[in-house]
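These are my notebook entries on one protein chain. I begin with the chain as a whole and then turn to its parts.

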Amino acid sequence: MTVARARMRRGLTFAETMIAGALAAVVLTVVLSVFITAQNMLRTAMAESELSLALREMRDKLLFKVSPDVYGRHYAGLLSGRKLNESEVRGANSVEITGRSVGGTLTSAADASARLLVWTVGTKKMLVNERTPEKDKHLRWLWPGALALAECTGMSDLLGYDSWNSSGSNIYRLYFDIAVAADVNRRDGSPIVRRERVMVPLLGKLQPFKDAGGRY
């Protein structure tokens, strides 16, 4: 009876302690791995959602409101453009387009025009309308979320056009191939990037039912 009670009261052996510790380590490793994976998936999903919203905002501003309201004047977007500087577009230097502003008094043609350039701030690149009054105060207007343009060194990486002539004259449609990168990377270190093409049919230009590239 005494021997049986002594066996019941004794602690775990060293081998049993090692086995229990190993099992606990395995369980904790699995739980931690699941937690980290879920956290990375959530961070990636949030970044992709942010990119989607940022690109939607950028697209709407390019098409409908390329500058913020300044001095009581309301600016339209590229869809309202009336005259395009085709030589600038063919040279992939900028997009310079004349339209109109509403509210306030126009004092010069420049007040009713937009000239889009790729601008560099630190190591990040973004689009900016050079004709926005007090441009430096409104640099973030076409830079939603301060998210950088990805895979971009200049306008030539963003800008394309369709024209009626092989020489590139009589342009009837612009397009921007925009890629935006998140501030965080995937678990493997690769950047989180979202791409979108923004089409801009030019006002007053005949749009073909089917263009030379076979696109409708």
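**Entry 1: the whole chain.** I looked up the surface and found that the protein chain exposes about 13,100 Å², of which carbon and sulfur atoms supply 58%. Accessible areas come from the Shrake-Rupley method with a 1.4 Å probe, and for residues only the protein chains shown count as cover. I note that this is a predicted model, in which local features need pLDDT of at least 70 and side-chain atom pairs count only at pLDDT 80 or more, whereas totals for chains, interfaces and linings use all residues. Residues are numbered from 1 along each chain as its sequence is written, and side-chain values use heavy atoms, with hydrogens and water left out.

I then asked what share of the 216 residues is buried. Buried residues make up 37% of them; buried means under 20% relative accessible area, exposed over 50%, and partly exposed in between (1.4 Å probe, protein chains only).

**Entry 2: secondary structure.** I found three helices and nine strands in the protein chain. Helices (H or I, at least four residues) and strands (E, at least two) are DSSP runs, numbered from the N terminus. Along the sequence, I read the pattern α-α-β-β-α-β-β-β-β-β-β-β. I also looked up contacts between residues at least 6 apart in sequence, and 53% of these join residues at least 24 apart; contact means heavy atoms within 4.5 Å.

**Entry 3: an open sheet.** In which order do the three strands of the open sheet lie? I found the order E7-E8-E9, with antiparallel pairing. The edge strands are E7 and E9 (191–201), each of which pairs on one side only. The twist from one strand to the next averages 20 degrees. Two strands pair if DSSP finds at least two bridges between them. As a general point, I recorded that strands of a sheet pair through backbone hydrogen bonds, either parallel or antiparallel.

I next counted bridges. E7 and E8 pair in the antiparallel sense over five bridges, and E8 and E9 do so over ten bridges. Between E7 and E8, I traced glycine 160 opposite tyrosine 175 in E8 and aspartate 162 opposite arginine 173 in E8. On the other side, alanine 181 has valine 193 in E9 as its bridge partner. The hairpin of E8 and E9 has five residues between the strands, and glycine 189 takes a positive phi near 95 degrees there.

**Entry 4: cover on the sheet.** I looked up how far E8 is covered, and eleven of its 15 residues are buried. Helix H2 (residues 14–64) lies across E8 and E9, running at about 20 degrees to E9. Axes are lines fitted to C-alpha atoms, for helices over the stretch in contact, and angles run from 0 to 180 degrees between N-to-C directions.

I then examined valine 34, which is found in helix H2. Valine 34 counts as exposed because its relative accessibility is 53%. Val26, Val30 and Val34 make a nonpolar surface patch of about 270 Å². Patches are made of residues with over 30% relative accessible area and no salt bridge, with like charges joined within 9 Å and nonpolar side chains (Val, Leu, Ile, Met, Phe, Trp, Tyr) within 5 Å. A salt bridge is a side-chain nitrogen of Lys or Arg within 4 Å of a carboxyl oxygen of Asp or Glu.

**Entry 5: two loop residues.** Alanine 146 has a positive phi of about 55 degrees although it is not a glycine. I placed alanine 146 in the loop between strand E6 (124–129) and strand E7 (159–163). Is alanine 146 buried or exposed? Alanine 146 counts as buried because its relative accessibility is 17%.

Asparagine 170 is a residue other than glycine with a positive phi, near 60 degrees. Asparagine 170 lies in the loop between E7 and strand E8 (171–185). At 31% relative accessibility, asparagine 170 counts as partly exposed.

**Entry 6: glutamate 86 and valine 121.** I found glutamate 86 in helix H3 (residues 86–90). Its relative accessible area is 16%, so glutamate 86 is buried. Leaving out residues up to four places away in sequence, glutamate 86 touches Gly168, Ser169, Asn170, Ile171 and Lys205.

Valine 121 lies in strand E5 (residues 113–121) and is partly exposed, with a relative accessible area of 33%. With residues up to four places away in sequence not counted, valine 121 touches Met126 and Trp143. Finally, I noted that valine 121 and alanine 148 are 27 residues apart along the chain, with their C-alpha atoms separated by 9.4 Å.
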